[in-house]
Amino acid sequence: MIDMHRLTIYLLALGVFFTATAEIVVSGILPMIARDLGISIALAGQLITAYSLAFAIGTPIVVALTARLERRLVLVSALIAFMLGSAVAVSGTDITILMVSRVILGVSAGVYLVVALGVVAKLVSAERIGGSIGTIILGFSAAMILGVPMGIAIASWLNWQAIFIVLGVLSLFVTLALYRLLPQLDGEAPIPWQQQVKVLGSTVIVSGLLLTFFRESGNSVFFTYVAPFMTDMLQMDIRRALA
């Protein structure tokens, strides 16, 4: 007999994979975007900055505002917003439109990830929470490993806009499946901002936050410009390497 909760967790992880891929995939196709839009590599790289800022700033605000809402509704709405952002990216003919798409993608991906983690805690027993959360995070880690080569392969075969078409279509199937499988789950009372800020008084928590900040900053800078570095400095044809 199929464990429906386990299947739902795998679907949640798959959704995390798609939403996280939207962030990292731009790294591999940065030269293509810059060439098509007639902009510099440095300016094109700000597309990742826009996503990251939207993720970091928009996510806690939207999560707080929707805390009382039914969880399946918020989760599905986040994926619908993600598909909207993907559609905007496909229609993007200049850097401004693409920036707007990146903001939508960043906020929707962040909200989806946070709510998905909360949903897992409600679906499984206490002894299975750790493993289930690990499965969700695996979706994010897989995107960091597979996102760039998959994006380069699709862009080389078709074009870079096709990447967002694929992500949007696949996310639609995940959305429909989650809407069917997920039970209705009540929201929770939002935690006051004053109470959240109090945790910054803990040296352990602040140290963890700073460690995460510097680590992710380094990862972001590296992944953003890895494709231009490989092509310009190392004289590598990354598209041919993945062919």
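**Exercise 1. Classify Tyr51 and Phe55 by burial, and then describe how their rings are arranged.**

*Solution.* Step 1. Tyr51 has a relative accessible area of 1% and is buried, where buried means under 20% relative accessible area, exposed over 50%, and partly exposed in between (1.4 Å probe, protein chains only). Phe55, at 25%, is partly exposed. The model is predicted: local features need pLDDT of at least 70, side-chain atom pairs count only at pLDDT 80 or more, and totals for chains, interfaces and linings use all residues. Residues are numbered from 1 along each chain as its sequence is written, and side-chain values use heavy atoms, with hydrogens and water left out.

Step 2. Both residues belong to helix α3 (residues 41-65), four residues apart, and are therefore separated by about one helical turn. Helices (H or I, at least four residues) and strands (E, at least two) are DSSP runs, numbered from the N terminus. An α-helix has 3.6 residues a turn, so residues three or four places apart point the same way.

Step 3. Rings of Phe, Tyr and Trp (its six-membered ring) pair if their centres lie within 6.5 Å; planes under 30 degrees apart count as stacked, over 60 as edge-to-face and the rest as tilted. By this rule there are two aromatic pairs. For Tyr51 and Phe55 the centres are 6.3 Å apart and the planes stand at 25°, so this pair is stacked.

**Exercise 2. Describe the surroundings of Ser108 in helix α5.**

*Solution.* Step 1. Helix α5 covers residues 95-123. Its 29 residues reach 41 Å from the first C-alpha to the last, close to the expected 42 Å; the expected span is 1.5 Å times one less than the number of residues.

Step 2. Ser108 is buried, as its relative accessible area is 4%.

Step 3. A polar contact is a pair of N or O atoms within 3.5 Å; within protein, one must be able to donate a hydrogen and the other to accept it, and residues adjacent in sequence count only if both atoms are side-chain atoms. The Ser108 side chain reaches the backbone oxygen of Ile104 at 2.8 Å, and a polar atom of this side chain lies 3.1 Å from the backbone oxygen of Leu105.

Step 4. Leaving aside residues up to four places away in sequence, Ser108 touches Ala78, Ala81 and Phe82, where contact means heavy atoms within 4.5 Å.

**Exercise 3. Locate Ala155 and list its contacts.**

*Solution.* Step 1. Ala155 is found in helix α6 (residues 129-157). With a relative accessible area of 7%, Ala155 is buried.

Step 2. Although 127 residues separate Ala155 from Gly28 in sequence, their C-alpha atoms are 9.4 Å apart in space.

Step 3. Ala155 touches Ile29, Met32, Trp160 and Ile163, not counting residues up to four places away in sequence.

**Exercise 4. Identify the residues of the largest nonpolar core that touch the most other members.**

*Solution.* Step 1. A nonpolar core is a set of buried Ala, Val, Leu, Ile, Met, Phe, Trp, Tyr and Cys residues joined through side-chain atoms within 4.5 Å.

Step 2. The largest such core has 54 residues, of which Leu12, Tyr112 and Leu178 touch the most other members. Helix α5 gives the most to this core, with 12 residues.

Step 3. Among the residues that Leu12 touches are Leu75, Tyr112 and Leu178.
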